[in-house]
Amino acid sequence: MSVASSRHFLQIPGPTNVPDRVLHAIANPTIDHRGPDFADLALEVFDKLRAVARTSADVVLYPSSGTGAWEAALVNTLSPGDAVLMYETGHFAEQWSELASSLGLRPETIPGDWRSGVDPAAVEQRLRADTEHRIKAVAVVHNETSTGVVSDIPAVRAAIDAAGHPALLLVDTISSLGSMDYRHDEWGVDVTISCSQKGLMLPPGIGLNVISAKALLAAQSARLTKSYWDWQPLLTAGKQGYFRYTPPTNMLFGLREALSMLLEEGLDEVYARHDRHAAATRAAVRAWGLEILCRAPGTAPGTDYSSVLTAVLMPGEHDADHLRQVILEHFDTSLGAGLSKVAKKVFRIGHLGAFNDATLLGTLGVVEAGLRLADVPHRPGGVTAAIAELTGRSGE
Ligand SMILES: *Cc1c(COP(=O)(O)O)cnc(C)c1O
């Protein structure tokens, strides 16, 4: 049994570890959200968020989880009964589609196997068949956090354009923004949806939308009921650096600090760091003789390994939740659970946010020790393989 003699080791794909710089920023005294200092804070946060999302478009922030930001994107752009084309990449895509149904939209979901990304050819085919343009939006998850699969957003954009279809493109970047290459403007996205507690290295509590000019235009005729989520009053107040209602002031202190950290490191460097840790994690999983849930790139269209988490399939009938429990008890370490369809079948190693080589080796060491303690059939040597990947030296 471990004693909690150090910080809990939180290696789930969100919420992620909050760096001390961000925690200290959040600990500042709360200020008047109608005073001049607040406007400086908010305007700086909006600018830095635009830099991270690689956009010059409007940004709206909510005191909410990511689910709120999903709802905001839908209610601001769509009307009752509108068809929305979705793609079953995994648990989060399904949740989003259920949310769309409950709002009175008609999601049409292209089925998936929970191991692959969005097949752009399937999207193009469906849109071509929609000659009356009943589909008003294509809503996809960039990084499917339940499976560790990343979809090719530029290819989805190209599919919509190839079909000559006017649908909006809505993209969930909840677990990718700030960790993996993402470009709202260049990729032609209409609404980017994200939130605070994953790549942005904050506690849960801020949701956000980045809004293209085309999405703003759609908002003018969208008839779904909305009030709290309505973009327009927030955009109007936001121009001056204010909010329509009380904003999460201390979270914004934290967000400013986290965005500064990402920009100081350099976005390309941040992405390369995540790519490298993901490659080392896959090397460990392969050395253990275990299977990665994501299909190998090239074997399924639009599919690639996530750089922020790796979902690992348990061998045979072994229970992933039992392994996670053993790891929690012995090492005070949390790993991500398998969600809905892959519950108990996979565990997820988060390697995103405030994360370095030492954290990764600690995490992989704990997983390897846990596999041994829980009697899960595997080969030792995963950590050694990860070290070889990280150092470029095989040690032989
Ligand atoms: C975490 C997550 C969500 C849900 O966000 P909440 O903050 O829990 O509402 C949605 N989509 C993806 C891809 C996620 O990783």
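This report describes two sheets, a set of aromatic pairs and several individual residues in a predicted model.

## The five-stranded sheet

In the predicted model, five strands make up an open sheet with mixed pairing, and their order is β1-β14-β15-β13-β11. At its edges stand β1 (9-11) and β11 (291-292), each of which pairs on one side only. Strand pairing in a sheet takes place through backbone hydrogen bonds and may be parallel or antiparallel.

Within this sheet, β14 (residues 333-337) pairs with β15 (residues 346-350) in the antiparallel sense over 2 bridges. Across this pairing, Ala337 faces Phe347 of β15. Strand β13 (residues 309-313) is also antiparallel to β15, and 5 bridges join the two. Here Ala311 has Arg348 of β15 as its bridge partner. Helix α11 (residues 320-331) lies across β14 and β15, and the helix runs at about 165° to β14.

## Burial of strand β15

Strand β15 is largely enclosed by the rest of the structure, because 5 of its 5 residues are buried. Val346, Arg348 and Gly350 point one way from β15, while Phe347 and Ile349 point the other way; all are buried. Two of these residues also appear in the pairings described above: Phe347 stands opposite Ala337, and Arg348 is the bridge partner of Ala311.

## The three-stranded sheet

A further open sheet consists of 3 strands in the order β6-β7-β12, with antiparallel pairing. Its edges are β6 (143-144) and β12 (303-305); each has a single partner strand, so one side of each is left without a neighbour in the sheet.

Strands β6 and β7 (residues 149-151) run antiparallel and are joined by 2 bridges. In this pairing, Glu144 is placed opposite Val149 of β7.

## Aromatic pairs and a charge over a ring

The structure contains 8 aromatic pairs. One of them is formed by Phe38 and Phe243, whose ring centres are 6.0 Å apart; the planes meet at 75°, so the pair is edge-to-face. This pair links distant parts of the chain, 205 residues apart: Phe38 belongs to helix α2 (residues 36-52), and Phe243 to the loop between α8 (231-239) and α9 (249-265). Phe38 and Phe243 are buried.

Tyr62 and Trp229 form another edge-to-face pair, with 4.9 Å from centre to centre and 70° between the planes. Tyr62 is in strand β2 (residues 58-63) and Trp229 is in the loop between α7 (213-221) and α8, so the pair ties together parts that are 167 residues apart in sequence. Tyr62 and Trp229 are both buried. Ring pairs also join Phe38, Phe46, Tyr242 and Phe243 into a cluster. A charged side chain is placed over an aromatic ring as well: Lys198 lies over the face of Phe92, at 5.2 Å from the ring centre.

## Ser196 and its surroundings

Ser196 occupies a place in the loop between β9 (191-195) and β10 (206-211). Its relative accessibility is 1%, so Ser196 counts as buried, the cut-off being under 20%. A polar atom of the Ser196 side chain lies 2.8 Å from the backbone oxygen of Pro203.

When neighbours within four places in sequence are left aside, the contacts of Ser196 are Met201, Leu202, Pro203, Pro204, Gly205, Ile206 and Met251. Pro203 thus appears in this contact list and also supplies the backbone oxygen noted above.

## Gly207 and Thr67

Gly207 is located in strand β10 and is buried, with a relative accessible area of 0%. Leaving aside neighbours within four places in sequence, Gly207 is in contact with Val60, Leu61, Tyr62, Ser64, Ser65, Ala69, Ser194 and Cys195. Among these is Tyr62, the residue that forms an aromatic pair with Trp229.

Thr67 lies in helix α3 (residues 66-77) and is partly exposed, at a relative accessible area of 40%. Gln197 serves as a reference point for both residues. The C-alpha atoms of Thr67 and Gln197 are separated by 12 Å, with their positions 130 residues apart along the chain. For Gly207 and Gln197, 10 residues apart along the chain, the C-alpha separation is 9.3 Å.

Technical notes:
Residues are numbered from 1 along each chain as its sequence is written. This is a predicted model: local features need pLDDT of at least 70, side-chain atom pairs count only at pLDDT 80 or more; totals for chains, interfaces and linings use all residues. Side-chain values use heavy atoms; hydrogens and water are left out. Two strands pair if DSSP finds at least two bridges between them. Helices (H or I, at least four residues) and strands (E, at least two) are DSSP runs, numbered from the N terminus. Contact means heavy atoms within 4.5 Å. Axes are lines fitted to C-alpha atoms, for helices over the stretch in contact, and angles run from 0 to 180 degrees between N-to-C directions. Rings of Phe, Tyr and Trp (its six-membered ring) pair if their centres lie within 6.5 Å; planes under 30 degrees apart count as stacked, over 60 as edge-to-face and the rest as tilted. Buried means under 20% relative accessible area, exposed over 50%, partly exposed in between (1.4 Å probe, protein chains only). A charge sits over a ring if NZ of Lys or CZ of Arg is within 6 Å of the ring centre and within 35 degrees of the ring normal. A polar contact is a pair of N or O atoms within 3.5 Å; within protein, one must be able to donate a hydrogen and the other to accept it, and residues adjacent in sequence count only if both atoms are side-chain atoms.
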